[in-house]
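Please consider the following model, beginning with its pocket and moving on to a helix and a loop residue.

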Amino acid sequence: MATDELSGLKPNAVVPFRVGKEQAGESVRKWARGRWLSPGKFRKSAKPDKLAGIYVPAFSFDSKTDSAYVATLGRYYYTTRRVNGRTVRTRHVRYFTVRGNYSMAFDDVLVSASEKIDEASLSKLRSFGTNDSREYTQEYLSGYAASQYTKNGLTCWEEAKDIMRGRLRSAILSGYSYDVVSSFHISMRCNDITYKYLLIPVYVGHCSWRKKLYNFFVNGVNGAVTGKAPTSPLKVTGLVVLGIAVIVGLYFLFRWFGG
């Protein structure tokens with residue numbers, strides 16, 4: 001068994017691998033085929049190199065929250081005036097303030113405790129179904145690598161609170177009609193906090209393209225994939241040109257109907 005020493009804090013639980021190595025490799029190939037900004041040859045021929053299963057340490061937090069918030073939002077409104085015989089339409093913003101209290105319960109806020117996988121990548125791989133985790137025993141590590149945590153529980157809890165604040169912001173703002181957010185402040189109080197230190201299953205590897213390596217991660221529970229892929233300069237240029245063409249077209253269409 002290839003494993004780093006799991007010294008120090010021992011996991012409470014483990015989420016077992018449910019996706020086999022062959023299935024994970026096929027998920028990567030399917031993911032590569034869907035990278036439409038990548039070169040065509042990469043999309044057709046990409047295959048995972050050095051695909052390995054690893055148990056990544058993470059903390060999972062549950063908490064109830066009560067929050068007070070205040071925000072300054074804005075709605076667009078328009079005025080028209082005549083300039084040199086043409087009608088000119090100008091956009092303005094009318095700001096207003098909202099405030100209130102909001103309660104929300106969070107279940108399974110997952111934060112990586114290892115530098116082997118960053119938080120952005122982990123968020124794209126959810127969910128790992130940690131509520132179906134098993135009590136940790138070393139037998140689960142057989143055939144897989146495992147790494148020790150590099151971030152302690154308190155550090156991960158601070159990151160979890162940032163995640164919760166972000167979700168609260170989205171939930172609160174969804175209740176208002178607005179076009180812009182000028183400011184948003186929230187005071188969050190957490191209670192009934194519980195956590196688990198657990199191991200989650202991830203496949204890691206890379207695809208090669210023109211002597212460069214592009215790393216990827218595969219969720220060992222559901223086969224979801226995230227990672228880096230090469231981009232085709234020609235396709236990116238075409239997309240930019242198309243975007244400019246759309247903007248120019250909308251500009252002249254607006255001038256035609258506005259004038």
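Which elements each supply at least two residues of the lining of the largest pocket? They are α3 (119-125), β7 (212-219) and β8 (225-227), where helices (H or I, at least four residues) and strands (E, at least two) are DSSP runs numbered from the N terminus. The model is predicted, so local features need pLDDT of at least 70 and side-chain atom pairs count only at pLDDT 80 or more, while totals for chains, interfaces and linings use all residues. Residues are numbered from 1 along each chain as its sequence is written, and side-chain values use heavy atoms, leaving out hydrogens and water.

Helix α3 gives the most to this lining, with three residues. The lining consists of Asp118, Ala120, Ser121, Lys124, Asn215, Phe217, Thr226, Gly227 and Lys228.

Helix α1 comprises 13 residues (residues 21-33), and its end C-alpha atoms are 19 Å apart, which agrees with the 18 Å expected at 1.5 Å a residue (1.5 Å times one less than the number of residues). Its buried residues (under 20% relative accessible area, with a 1.4 Å probe and protein chains only) are Ala24, Gly25, Ser27, Val28, Trp31 and Ala32. They cover an arc of only 155 degrees around the axis, which puts them on the same side of α1; the arc is that of the directions from the helix axis to the C-beta atoms. On the other side of α1, Glu22 and Lys30 are exposed (over 50%).

Threonine 130 lies in the loop between α3 and β4 (134-135). Threonine 130 counts as buried because its relative accessibility is 1%.

Notes. 1 Å grid on protein atoms, 1.4 Å probe; cavity = no way out; pocket = protein on both sides within 12 Å on 5 of 7 lines; lining within 4 Å.
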